[in-house]
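Notebook open, model loaded. I want to go from the overall layout to the cores, then to the cysteines.

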Amino acid sequence: MQCPVCDFEASVSTFGDPLRCPDCGAYYEKAVLAKAKQQAILPTAAQSSAGNAQGYKAPERSRGRLYIWLLVLGAVVASLCIVSVMDSSKRSANTIAESPAATPKPSDKDVDDWTLFELARKNIKARLKDPESATFRDQFIGESGIPCGEVNAKNGFGGFTGYKRFLASGNGLAVVEGDMPPPEFEKAWSELCKR
């Protein structure tokens, strides 16, 4: 597990319950919500609901809200992709009608997918200890419109960690397998990265 504030990396048991970074003392849920709010993924109301009068909120609730916002974000991206595809097909039909001898060019959807993958790779690399060593494979856009795939990179000791699944958005939010408890990651993967 990696702290979203100071990038300290250790096992989930080291972070304790509630999840709190032993290096900088940041609470994991609050740090993730603050980072998401900075990048305009969550509305302002989420900040006020991030903590209650005691200063702590149950991890299941805040993570649940994060997953809901990821689903909403995925739906928005998917609808934008659909509109883009419909618009590109209209433009393609007009181009063919105007110049039948035109050479085929990559569709707007191919360009949009490439752009999404580039943003996803950039966001994933920002979370890694050695971003230059990152290699990606099996990248695809899930039915939700979220870029998904696998990444392998060197850890703080200079050794490769092995390929881990990731899901990312174009707005800076990126989650690598191991950043959250396995059941929660599996749930997010099955909902957002369905092919």
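Helices here are DSSP runs of H or I with at least four residues, strands are runs of E with at least two, and both are numbered from the N terminus. This is a predicted model, so I read every value below as computed from it.

**Layout**

I counted elements and got six helices and four strands. Going from the N terminus, I read the order as α-α-α-α-α-β-β-β-β-α. I then checked burial: 38% of the 195 residues count as buried. For surface, I get about 11100 Å² exposed, with carbon and sulfur atoms supplying 57% of it. I also looked at contacts between residues at least 6 apart in sequence, and 48% of these join residues at least 24 apart.

**Cores**

In soluble globular proteins, nonpolar side chains tend to be buried together. So which residues have the most contacts inside the largest nonpolar core? I find L70, C148, L167, F185, W189, L192 and C193, in a core of 19 residues. Helices α2 (28-38), α4 (59-98) and α6 (182-192) each bring at least two residues to this core. The top contributor is α6, with four residues. There is also a second, separate core of 10 residues, and I noted A120, F136, A153 and V176 among them.

I pulled the contact list for C148, skipping neighbours within four places in sequence. What I got was D138, Q139, F140, F166, L167, W189, L192 and C193.

**The disulfide**

How many disulfides does a search of the whole structure find? I got one. The disulfide joins C148 to C193, with an S to S distance of 1.9 Å. I put the torsion about the S-S bond at about -85°, so this disulfide is left-handed. C148 sits in strand β2 (residues 147-154) and C193 in the segment after α6, so the pair ties together parts 45 residues apart in sequence. I checked exposure too: C148 and C193 are both buried.

**Other cysteines**

Next I looked at C21, which is in no disulfide; its nearest cysteine sulfur belongs to C6 and is 3.7 Å away. Is C21 buried or exposed? At 3% relative accessibility, I log C21 as buried.

For C24, the closest cysteine sulfur is also in C6, at 3.7 Å, which is too far for a bond. The cut-off I need for that step is 2.5 Å between the sulfur atoms. Unlike the buried C21, C24 is partly exposed, with a relative accessible area of 38%.

**Helix α4**

I picked V77 in helix α4 for a closer look. Its relative accessible area is 19%, so I count V77 as buried, given that buried means under 20%. Leaving out residues up to four places away in sequence, I see V77 touching L116 and G145. I also took a C-alpha to C-alpha distance from V77 to S144: 7.6 Å in space, for a pair 67 residues apart in sequence.

Last entry is a surface one. Which residues form a nonpolar patch there with about 350 Å² of accessible area together? I have I68, V72, V76 and L80 down for that patch, and I68 is found in helix α4.

Conventions: Residues are numbered from 1 along each chain as its sequence is written. This is a predicted model: local features need pLDDT of at least 70, side-chain atom pairs count only at pLDDT 80 or more; totals for chains, interfaces and linings use all residues. Side-chain values use heavy atoms; hydrogens and water are left out. A nonpolar core is a set of buried Ala, Val, Leu, Ile, Met, Phe, Trp, Tyr and Cys residues joined through side-chain atoms within 4.5 Å. Buried means under 20% relative accessible area, exposed over 50%, partly exposed in between (1.4 Å probe, protein chains only). Contact means heavy atoms within 4.5 Å. Patches are made of residues with over 30% relative accessible area and no salt bridge: like charges are joined within 9 Å, nonpolar side chains (Val, Leu, Ile, Met, Phe, Trp, Tyr) within 5 Å. Accessible areas come from the Shrake-Rupley method with a 1.4 Å probe; for residues, only the protein chains shown count as cover. A salt bridge is a side-chain nitrogen of Lys or Arg within 4 Å of a carboxyl oxygen of Asp or Glu.
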